[in-house]
Amino acid sequence: MNGTEVARTIREDVRPGVAAFAAAHGRSPGLHIVLVGDDPASHIYVRNKERAGTEAGLIVRVHRLPAEATVDQVLAQVQALNADPACDGILVQAPLPAGIGKHGTERVFDAIDPRKDVDGLHPHNVGLLVQGRAALKPCTPSGVIELLDRLGHPIAGKHAVVIGRSEIVGKPMALLLLQRDATVTICHSKTPDLKDTCRRADILVAAIGRPGFVTTDFVKPGAVVIDVGINRVDSRDAVVGFFGADHPRVADFDKKGSAVVGDVHPAVAQVASAMTPVPGGVGPLTIAMLLKNTLTAATARG
Ligand code: NDP
């Protein structure tokens with residue numbers, strides 16, 4: 001399943017809406033990203049979001065704060081954006097530096113105006129999501145639903161198994177699949193019969209954060225497998241173990257010194273009827289849905 005291609009079509013669908021908004025309001029929708037600290041992966045994600053947003057016609061602004069920023073400083077930034085009429089969408093790039101702590105992170109995310117919460121993680125929007133009436137849904141799981149829809153993989157009546165129960169991926173993924181009439185099982189690190197449960201899935205979603213964790217013996221032949229994981233691997237042996245010694249990904253590793261792999265072992269492609277690659281699967285969809293949410297938020301605010 002080519003996530004890059006599907007993401008391109010979503011971005012194309014967003015573009016006319018952005019133009020119509022700009023024509024009606026005399027300004028383009030504004031996406032504001034708060035980036036705290038210097039986590040290299042976060043910087044890459046933010047750069048990609050900035051580029052995609054600008055290409056789609058949005059005004060994208062990145063507000064950078066140092067790693068030693070206090071919770072109050074991050075909160076002040078969020079509150080300034082809440083009050084800014086030209087700001088339609090606020091995204092605080094996770095994870096925040098360790099010094100902010102779990103409680104501080106919750107305070108920051110809770111401070112975002114729910115109408116500007118383009119990540120769909122504010123408790124107000126999560127409540128609406130549970131009730132099946134959210135306008136702003138978390139980008140990664142809603143991107144997965146778009147992918148299944150646009151590639152014609154039915155959801156209703158299927159048994160969907162989601163491995164992972166994070167607030168950002170696993171839980172909202174399960175809710176969105178349930179709303180589309182799948183029968184949903186959520187698995188996590190304390191699930192005792194994980195492989196057996198996964199083998200019953202028609203749709204298997206892996207959101208774990210462990211390279212190649214899902215192997216062929218987790219997968220029912222013909223299942224649709226969605227790999228949400230993004231894991232950086234520094235071991236050449238591991239990359240050879242994943243792809244085989246002659247694979248172009250090994251040559252790529254030799255150039256870069258690291259590789260990005262998913263939670264699903266590439267051999268699963270031989271068992272599944274369809275599977276998302278990493279990279280080029282769910283990642284680009286997440287960004288496309290962020291742009292879509294920004295347009296939705298801007299349009300709703302008027
Ligand atoms: P978290 O670490 O928040 O959650 C991981 C989940 O996996 C937890 O629920 C955990 O269970 C479960 N888990 C961990 N080990 C096991 C195990 N051995 N068996 C079963 N379940 C296990 O991660 P996220 O949800 O934030 O992210 C998951 C992955 O998705 C990461 O690789 C991340 O980089 C990637 N990601 C990709 C995005 C994209 O755009 N493609 C966006 C967001 C994330 P428990 O709750 O019991 O600890």
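Biologist: At what angle do helix α9 (residues 236–243) and helix α10 (residues 248–256) pack?
Modeller: The structure shown above is a predicted model. In this model, the axes of α9 and α10 are 9 Å apart. The two helices pack at an angle of about 165 degrees.

Biologist: Are α9 and α10 roughly parallel or roughly antiparallel to each other?
Modeller: The packing angle of α9 and α10 is about 165 degrees. Angles over 145 degrees count as roughly antiparallel. The relation of α9 to α10 is therefore roughly antiparallel.

Biologist: Which residues of α10 are met by R236, V239, V240 and F243 in α9?
Modeller: The helix α9 passes α10 in a right-handed crossing. On the side of α9, the residues that take part are R236, V239, V240 and F243. Their partners in α10 are R249, V250, F253 and D254.

Biologist: Is S258 buried or exposed?
Modeller: S258 belongs to the loop between α10 and β9 (259–261). Its relative accessible area is 13%, and a residue under 20% counts as buried. S258 is therefore buried.

Biologist: With which side chain does the side chain of S258 make a polar contact?
Modeller: Leaving aside its neighbours within four places in sequence, S258 is in contact with R232, V233, D234 and F253. A polar contact of 3.0 Å joins the side chain of S258 to that of R232.

Biologist: How are α1 and α6 placed, roughly parallel or roughly perpendicular to each other?
Modeller: The axes of α1 and helix α6 (residues 139–150) come within 10 Å and cross at roughly 100 degrees. Angles from 65 to 115 degrees count as roughly perpendicular. The placing of α1 and α6 is therefore roughly perpendicular.

Biologist: Which residues of α6 make the contact with α1?
Modeller: This contact belongs to the pair of helices whose axes cross at roughly 100 degrees. From α1, the contact is made by G3, V6, T9, I10 and D13. From α6, it is made by E146, L147 and R150.

Biologist: Which backbone oxygen lies 3.2 Å from a polar atom of the side chain of S28?
Modeller: S28 is found in the loop between α1 (3–25) and β1 (30–36). Leaving aside its neighbours within four places in sequence, S28 is in contact with F21, A22, G57, I59 and D88. The backbone oxygen at 3.2 Å from a polar atom of its side chain is that of G57.

Biologist: Why do the buried residues of α4 line one face of the helix?
Modeller: In helix α4 (residues 101–111), the buried residues are G104, V108 and F109. Seen down the axis of α4, they line one face because they fall within an arc of 130 degrees.

Biologist: Which residues are exposed on the other side of α4?
Modeller: The buried residues of α4 are covered by elements that include α3 (71–83) and β3 (89–92). On the other side of the helix, the exposed residues are K102 and H103.

Biologist: How many degrees of arc do the buried residues of α5 cover around the axis?
Modeller: The buried residues of helix α5 (residues 123–130) are N125, L128 and L129. Their arc puts them on the same side of α5. What covers them includes α7 (170–179). The arc is only 105 degrees.

Biologist: Is R133 buried or exposed?
Modeller: R133 is found in the loop between α5 and α6, and its side chain makes a polar contact of 2.7 Å with the side chain of Q131. Its relative accessible area is 56%, and a residue over 50% counts as exposed. R133 is therefore exposed.

Biologist: What is the value of phi for D181, a residue other than glycine?
Modeller: D181 lies in the loop between α7 and β5 (183–187). This residue is exposed, with a relative accessible area of 54%. Its phi is positive, near 70 degrees.

Biologist: Which residue is joined to P95 by a cis peptide bond?
Modeller: P95 lies in the loop between β3 and α4. Omega of the cis bond is about 0 degrees. The residue joined to P95 by this bond is A94.

Biologist: What is omega for the cis peptide bond from V278 to P279?
Modeller: P279 is placed in the loop between β10 (274–275) and α11 (282–301). For the cis bond that leads to P279 from V278, omega is near -5 degrees.

How values were computed: Residues numbered from 1 in each chain as written. Predicted model: local features only at pLDDT ≥ 70, side-chain atom pairs only at ≥ 80, totals over all residues. Heavy atoms only, no water. Helix = DSSP H or I, 4+ residues; strand = E, 2+ residues; numbered from the N terminus. Contact = heavy atoms within 4.5 Å. Polar contact = N/O pair within 3.5 Å; in protein donor to acceptor, adjacent residues only side chain to side chain. Buried < 20%, exposed > 50% of the residue type's maximum accessible area, 1.4 Å probe, protein only. Arc of directions from axis to C-beta. Axes fitted to C-alpha atoms, helices over the stretch in contact; angles between N-to-C directions. Parallel < 35°, antiparallel > 145°, perpendicular 65-115°, else oblique. Left-handed = near helix turned anticlockwise from the far one by under 90°.
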